[in-house]
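Please work through the exercises below with the sequence and the model open side by side. Each task is followed by a solution that goes step by step.

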Amino acid sequence: MSHYQEHNVEDMEDDYDMDDPVDDMDGEDYLGPEARDDSDEEDDEDAEANKASDTSSEEARRGKDIQGIPWDRLELTREGYRETRLLQYKNYENVPNSAETAMKACKSTEKDGTYYEFRRNTRSVKSTILHFQLRNLVWATSKHDAYLISHYSVLHWSALSGVDTEIMNVEGHIAPSEKHPGSLLEGFSQTQVSTLAVKDNLLVAGGFQGELICKNLDQEGISFCCRTTYDDNAITNAVEIFNTSSGAVHFIASINDSGVREYDMERYQLCKHFRFDWPVNHTSLSPDGKLVLVVGDDPDALLIDANSGKTIHSMKGHLDFSFASAWSPDGRTFATGNQDRTCRVWDARNLSQSLHVLRGNLGAIRSIRYTSDGQFLSMAEPADFVHIFDVKSDYNKRQELDFFGEISGMSFSPDTDTLFVGVWDRTYGSLLQYGRLYNYSYLDSLF
């Protein structure tokens, strides 16, 4: 992925202040000057109340905008602004014109209906982004519980109580309260969190200097801290927590120094380290634990042996760099997301070409998730759109979640009932919550 300190692409500098990415992701609020409410007669107190208000499913059914945007008081319509965004949004590419070429291979899909309905938008929970290419900063551990990054804080949001709780603050100094070989006992100061993973009661955060911070959510303090590398280009791009065949809990860290590292979370020891020819942006472990899907700063994706790190196959098709990957629970199919604005779906039994090429509307596919039952695949663009595909329709039918703002991450709850989406914007930043709609034919198939 693009080196944080040395990124000097002129187009991106217009949109992102790379010296202060947390506060200036958008350069300005996404609703530009032409979309501001310029009425001088509005009472300040009323404007502040509107700014802070959440939106419930009942209010949305009555016509309120799900993000609380007062379109009736603005100088343009929602439809007009959507058209402007589609025309003007700048998709970042490492390979010029990759998206334009990739679009020619995309399949036509049908916006079929609603699989997940809007439940709530919580404006008090500000989900923020540190690096414009890394968008795995929201995780659900149940249909009521989500974890996210808000500036220097790791927050837990409870949809039941409506309360957010700070789990960890990395703005100051943090240090491990446990002693493990290899743990950096002096800890870190002012860690810039680039990625996050939460599963069950375990949390792992990765940082811009190759930091890894591990915390047991049932215990006070930090369990483990380490620097994976002291290379200059050492951003922790992605983390995945998983259970081995023996039941042990491990995690894989994808690092920008071209390495993939696996750690045992019981002893917090490095047990595997694989090296590649390019920075690794994301990895996904197959459900049987035998294969690892690796994507990074290369158009080709790799399928490697999880034990030896030996490359089994190189998948060709994407035209730019990839930042997202996911395995279907069926253990046969998997997906890769790329800056060429496509998500490719592959079959491990025949890797000569992808099964499907799914397109985004305005930008790179930066996050991919399957539901735990394999019924749906969701893919998130950098902003405005999350697409949910019906897998049983052979990816021909989809739902489109349409809103405004940069997407910090998305996560299905383990029981598939809830989808959380983090939105970063100075004014309308929030956490969106959607609930699954079940039909009788699907429920009958479960029994």
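**Exercise 1. State how many helices and strands the protein chain has, and what share of its residues is buried.**

Solution. The protein chain has 6 helices and 31 strands, where helices (H or I, at least four residues) and strands (E, at least two) are DSSP runs numbered from the N terminus. Of its 447 residues, 58% are buried, and buried means under 20% relative accessible area, with exposed over 50% and partly exposed in between (1.4 Å probe, protein chains only). This is a predicted model, in which local features need pLDDT of at least 70 and side-chain atom pairs count only at pLDDT 80 or more, while totals for chains, interfaces and linings use all residues. Residues are numbered from 1 along each chain as its sequence is written, and side-chain values use heavy atoms, with hydrogens and water left out.

**Exercise 2. Work out the strand order of the open sheet that contains β6 and β7, and find the bridge partner of H156.**

Solution. Begin with the order, which is β4-β5-β6-β7 with antiparallel pairing; two strands pair if DSSP finds at least two bridges between them. At the edges are β4 (138-142) and β7 (163-169), each of which pairs on one side only. Next take β6 (residues 153-158), which is joined to β7 by 6 bridges in the antiparallel sense. Within this pairing, H156 has T165 of β7 as its bridge partner.

**Exercise 3. Identify the residues that touch the most other members of the largest nonpolar core, and follow the contacts of L203.**

Solution. A nonpolar core is a set of buried Ala, Val, Leu, Ile, Met, Phe, Trp, Tyr and Cys residues joined through side-chain atoms within 4.5 Å. The largest has 34 residues, of which M168, L196, L203, V204, L212, I213 and F251 touch the most other members. Strands that each supply at least two residues of this core include β5 (145-150), β10 (193-199), β11 (202-207) and β14 (236-243). Leaving aside residues up to four places away in sequence, L203 touches a set that includes V154, M168, L196 and I213, a contact being heavy atoms within 4.5 Å. Apart from the largest core lies another, of 18 residues, among them F376, L401, F412 and V421.

**Exercise 4. Explain why β27 counts as largely enclosed, and trace its pairing on both sides.**

Solution. First, all 5 of the 5 residues of β27 (residues 376-380) are buried, so this strand is largely enclosed by the rest of the structure. F376, S378 and A380 point one way from β27, whereas L377 and M379 point the other way. Then turn to β26 (residues 367-370), which runs antiparallel to β27 and is joined to it by 4 bridges, with I368 standing opposite M379. These two strands form a hairpin with 5 residues between them, and G374 in the turn has a positive phi of about 75 degrees. Finally, 5 bridges join β27 to the antiparallel strand β28 (residues 383-390), where H387 is the bridge partner of M379; the hairpin of β27 and β28 has 2 residues between its strands.

**Exercise 5. Find which strand gives the hairpin partner of β22, and describe the turn.**

Solution. The partner is β23, with 5 residues between the two strands, and G331 in the turn has a positive phi of about 75 degrees. Strand β22 (residues 322-327) has 6 of its 6 residues buried. Its antiparallel pairing with β23 (residues 333-338) extends over 5 bridges, and A324 stands opposite G337.
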